[in-house]
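User: Hi! Could you walk me through this one before I set anything up?

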Amino acid sequence: MADRIPLSKAPERWIRKKYLPHIWCPGCGLGTVLRQLVEQFEKLGWNNDEVVVVTGIGCTGRASGYVNAQTIHTIHGRALPTATGIKMARPDMHVVSLLGDGDGVGIGGNHFIHAAKRNIGITAIVVNNRIYGMTGGQASPTTPTGTKSSTTPYGNLEPSMDISKLAFGAGATFVARAHTANPVYLGQVIRRALEHDGFAVVEVLSQCPTYFGRYTGMPDPVEMVKWFQENTFMAKSPYDEQEDKIPVGVFRDDKNFRELSKAYRALWEE
Ligand SMILES: Cc1ncc(C[n+]2csc(CCOP(=O)(O)OP(=O)(O)O)c2C)c(N)n1
Ligand code: SF4
């Protein structure tokens, strides 16, 4: 029999038990993302009082209630401006923002572009379930063309937005895409993003069986996870192509830059 993998202490230290049970649906990818995030906090040896987690509204936004750190559950689309204020005031803190696709690049799209352009030291984890989950399955900016949703009952007419390409083009100094079908790789990518000093974006393809799954005829979360495995490929750039598959990987890890909050603090102290 294979050796048992020792149980991690991360959930014990980093999850607020008093808020359990959580509100997420069975089989939702958000549990995998949260677990990998807190595992990395533990592996990095960070303390609960030096990590700030800022979220907006949505299923993803609920994560700020569950993480045992310094947390703010702010308004829809405004997690990054809030996180920016915190980082500017406290460059020593590890500031992480968990965003839904609607939250991050729909209503919060302009903030996303400017955080990337400024290269402020925030880790932005965008949980891309390709739909508005919390409010009942409306089409989001990343809903694929032709996909049915509660607002596109005959199929989405619009092209879908590519979050990694957006981050890349806006100048984020770390850009990666991973998915929930490979939690180990997801954790490794999140760790690299957390260690990165500038604006780091991790786009996570994640399953919403309740809405995206039901509308696309794939209500079983296991099927959705298999879909990620079968329809992605490892790539070096978000522009790499292989059939109709989605590229995943670390697309940029640039170390040659000036992080904004530290540069500002240095100017102030001159
Ligand atoms: C200013 C504002 N507009 C709209 C809403 C309603 N609203 C709450 S959550 C949500 C969608 C969430 O979708 P997404 O950001 O993709 O996150 P998910 O729930 O899928 O994780 C919307 C439209 C709101 N709370 N505030
Ligand atoms: S509605 Fe979708 S994204 Fe929200 S908790 Fe349920 S499965 Fe997850």
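Analyst: Happy to; we can take the overall fold, then a strand, then the ligands. This is a predicted model, where local features need pLDDT of at least 70, side-chain atom pairs count only at pLDDT 80 or more, and totals for chains, interfaces and linings use all residues. Residues are numbered from 1 along each chain as its sequence is written, and chains are lettered from A and ligands numbered from 1 in the order in which they are written.

User: Cool. How many helices and strands does the protein have?

Analyst: There are 11 helices and eight strands, counted as DSSP runs (H or I of at least four residues for helices, E of at least two for strands) and numbered from the N terminus. The radius of gyration is 18 Å, close to the 18 Å from the globule rule for 270 residues, so the protein is as compact as a globular protein of that length. That radius is taken over C-alpha atoms, and the rule is 2.2 Å times the number of residues to the power 0.38.

User: And what share of the residues is buried?

Analyst: Buried residues are 47% of the 270. Buried means 20 or more other C-beta atoms within 10 Å of the residue's own, with C-beta atoms placed from the backbone.

User: Let's zoom in. Is strand β1 enclosed or open?

Analyst: Five of the five residues of β1 (residues 51–55) are buried, so this strand is largely enclosed by the rest of the structure. Val 51, Val 53 and Thr 55 point one way, while Val 52 and Val 54 point the other way. In a regular strand, side chains alternate between the two faces of the sheet.

User: Which strands does β1 pair with?

Analyst: β1 pairs with β3 (residues 94–100) in the parallel sense over five bridges, and Val 51 has His 94 as its bridge partner there. β1 also pairs in the parallel sense with β2 (residues 70–73), over four bridges, with Val 53 opposite Thr 71. Pairing requires at least two DSSP bridges between the strands.

User: Switching to ligands: what surrounds ligand 1?

Analyst: 17 residues do, and the closest are Gly 58, Gly 100, Gly 102, Asp 103 and Gly 133. A residue counts when its C-beta atom, placed from the backbone, lies within 6 Å. Helix α5 (residues 101–107) gives the most to this shell, with four residues.

User: And which residues surround ligand 2?

Analyst: Among them are Trp 24, Cys 25, Cys 28, Cys 59, Gly 133 and Cys 208. The top contributor to the ligand 2 shell is helix α9 (residues 209–215), with three residues.

How values were computed. A residue is buried if 20 or more other C-beta atoms lie within 10 Å of its own, exposed if 12 or fewer, and partly exposed in between; C-beta atoms are placed from the backbone.
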